[in-house]
2 protein chains.
Amino acid sequence: MTKYAELILELINQSKDHMTAEQLFLELKKREPKVVLATVYNNLNTLCQEGFIRKMSIEGSSDRYDKIEKHDHLVCKKCGMLSDIRFEDLTKKLENQLGEDILSYDLKVFYLCPKCREENKRRHAPQTGLL
Amino acid sequence: MTKYAELILELINQSKDHMTAEQLFLELKKREPKVVLATVYNNLNTLCQEGFIRKMSIEGSSDRYDKIEKHDHLVCKKCGMLSDIRFEDLTKKLENQLGEDILSYDLKVFYLCPKCREENKRRHAPQTGLL
DNA sequence: CTTTAATTTTAGAATTATTCTAATTATAAT
DNA sequence: ATTATAATTAGAATAATTCTAAAATTAAAG
């Protein structure tokens, strides 16, 4: 594994976020000022092919790169906040229903995060005339 | 709903495929030779916002547009073939585990389609020396 | 019906994301 | 050291998508 690939992999594995190529590039640049965006793309592609990371596409924004460790994603439909979660035994359930083996799956669950839910409540609350 | 929006919506709802903006544009052009790609994009965006269709992103290819009717996707990891499937009661299962309501979810299940599985078998079969 | 206003469509430029190519640099092997 | 191999760079090229301003269409008001 090459120098930059290693650093990029570290960045992805250490961060809780799901970063775009651009964001990773900016991070990496702090330590390695000479690095160039194309290099980041190159390394991301090979890291993906070799199975060290996974690429995730979210509609409306550019691709993000994520650790490989199996997990699912919880997305707030309002603010877009993205967090990791693990739904247990889903593979088995899916295989049972499908009737054959699956290789993997990609699940995004959309909900309203606590913060947005609160805001919505407030906005839609019946007006008392006292506020 | 405007003329083109209507036609685009029809195309999406009638087709079994999951078409890109470009493909939809080419289809639409057969009936409406004057239409232009930007118009298709415009209409796709408003149709999405209004909830008539949904946009789906598949890594490695451009966005596709899909009917809204709830269903999941089965993707062959080898040839990329995409088909619809419905996993039953998944919403409830997810809500139970999450402990709160969800709005929707997006599930892609990766497997090897029968055709690719066959091909793989053949390729990896022990050589008898008779072929 | 006309005129005006509002909306939709068009054309094409602009932007963004990503890939590709060829030259350069670095690393490893002889 | 010399050669071979692989990695990195710079920047052009491509692809996908959005934006902008003008033109065309539709709807509304007189």
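Biologist: In strand β6 of chain A, which residues point one way and which the other way?

Modeller: Start with the general idea: in a regular strand the side chains alternate between the two faces of the sheet. Now the case here, in what is a predicted model. Ser104(A), Asp106(A), Lys108(A) and Phe110(A) point one way from β6(A). Tyr105(A), Leu107(A), Val109(A) and Tyr111(A) point the other way.

Biologist: And how many residues of β6(A) are buried?

Modeller: Eight of its eight residues, so the strand, which runs over residues 104–111, is mostly covered. That goes for both sets of side chains. "Buried" here means under 20% relative accessible area, counted with the protein chains only.

Biologist: Which strands pair with β6(A), and in what sense?

Modeller: The idea first: strands of a sheet pair through backbone hydrogen bonds, either parallel or antiparallel. You can see each kind on this strand. β4(A), residues 72–76, pairs with β6(A) in the parallel sense over four bridges. Look for Val75(A), whose bridge partner in β6(A) is Phe110(A). Then follow β6(A) across to the other chain: β6(B), residues 104–111, pairs with β6(A) in the antiparallel sense over seven bridges. There, Lys108(A) stands opposite Asp106(B).

Biologist: What is the strand order in the open sheet of three strands in chain A?

Modeller: The order is β1-β3-β2, with antiparallel pairing. β1(A) and β2(A) stand at the edges, each with a single partner strand, so one side of each has no neighbour in the sheet. If you zoom in on β1(A) and β3(A), you'll find two bridges between them, in the antiparallel sense. Met19(A) of that region stands opposite Tyr65(A) in β3(A).

Biologist: Let's move on to helices. What span should helix α1 of chain A have?

Modeller: Use the rise per residue. At 1.5 Å a residue, the 12 residues of α1(A), residues 3–14, should span 16 Å; the end C-alpha atoms are 17 Å apart, which agrees.

Biologist: Which residues of α1(A) are buried?

Modeller: Here's the general point: an α-helix has 3.6 residues a turn, so residues three or four places apart point the same way. In this helix the buried residues are Tyr4(A), Ala5(A), Leu7(A), Ile8(A), Leu9(A), Leu11(A) and Ile12(A). To see what covers them, look at chain A around the helix: the covering elements include β1 (19–20), α2 (21–31), α3 (37–49), β2 (53–56) and β3 (64–67).

Biologist: Now the DNA. Which residues are the closest to strand C?

Modeller: With a nucleic acid, ask who is around it, and then which part of the DNA they meet. 14 residues surround DNA strand C, and the closest are Tyr41(A), Asp63(A), Lys34(B), Val36(B) and Thr39(B). Sugar and phosphate make up 84% of the strand C atoms that come within 4 Å of the protein.

Biologist: Which side chains have a polar atom by a phosphate oxygen of strand C?

Modeller: Among them, Asp63(A) has a polar side-chain atom 3.2 Å from a phosphate oxygen of strand C. For Tyr4(B), the distance from a side-chain N or O atom to a phosphate oxygen is 3.3 Å, and for Thr2(B) it is 3.5 Å.

Biologist: Which element gives the largest share of the surface near strand C?

Modeller: α3(B), with four residues. By class, this surface has six nonpolar, six polar and two charged residues.

Biologist: And which residues are the closest to strand D?

Modeller: Read this strand by the steps you've just used. 14 residues surround DNA strand D, and the closest are Tyr4(A), Lys34(A), Val36(A), Thr39(A) and Tyr41(B). Sugar and phosphate account for 84% of the strand D atoms within 4 Å of the protein. A side-chain N or O atom of Tyr41(B) is 2.5 Å from a phosphate oxygen of strand D, and a polar side-chain atom of Asp63(B) is 3.1 Å from one. For strand D, α3(A) gives the largest share of the surface, four residues.

Biologist: One last feature: which residue of chain A has a positive phi although it is not a glycine?

Modeller: Asp89(A), at about 60°. You'll find Asp89(A) in the loop between β5 (82–85) and α4 (90–98) of chain A. At 48% relative accessibility, Asp89(A) counts as partly exposed. In chain B, Asp89(B) also has a positive phi of about 60°.

Definitions and conventions:
Residues numbered from 1 in each chain as written. Chains lettered and ligands numbered in written order. Predicted model: local features only at pLDDT ≥ 70, side-chain atom pairs only at ≥ 80, totals over all residues. Heavy atoms only, no water. Expected span 1.5 Å × (residues − 1). Buried < 20%, exposed > 50% of the residue type's maximum accessible area, 1.4 Å probe, protein only. Contact = heavy atoms within 4.5 Å. Near = heavy atom within 4 Å. Polar contact = N/O pair within 3.5 Å; in protein donor to acceptor, adjacent residues only side chain to side chain. Nonpolar A, V, L, I, M, F, W, Y, C, P; charged D, E, K, R; others polar. Pairing = 2+ DSSP bridges.
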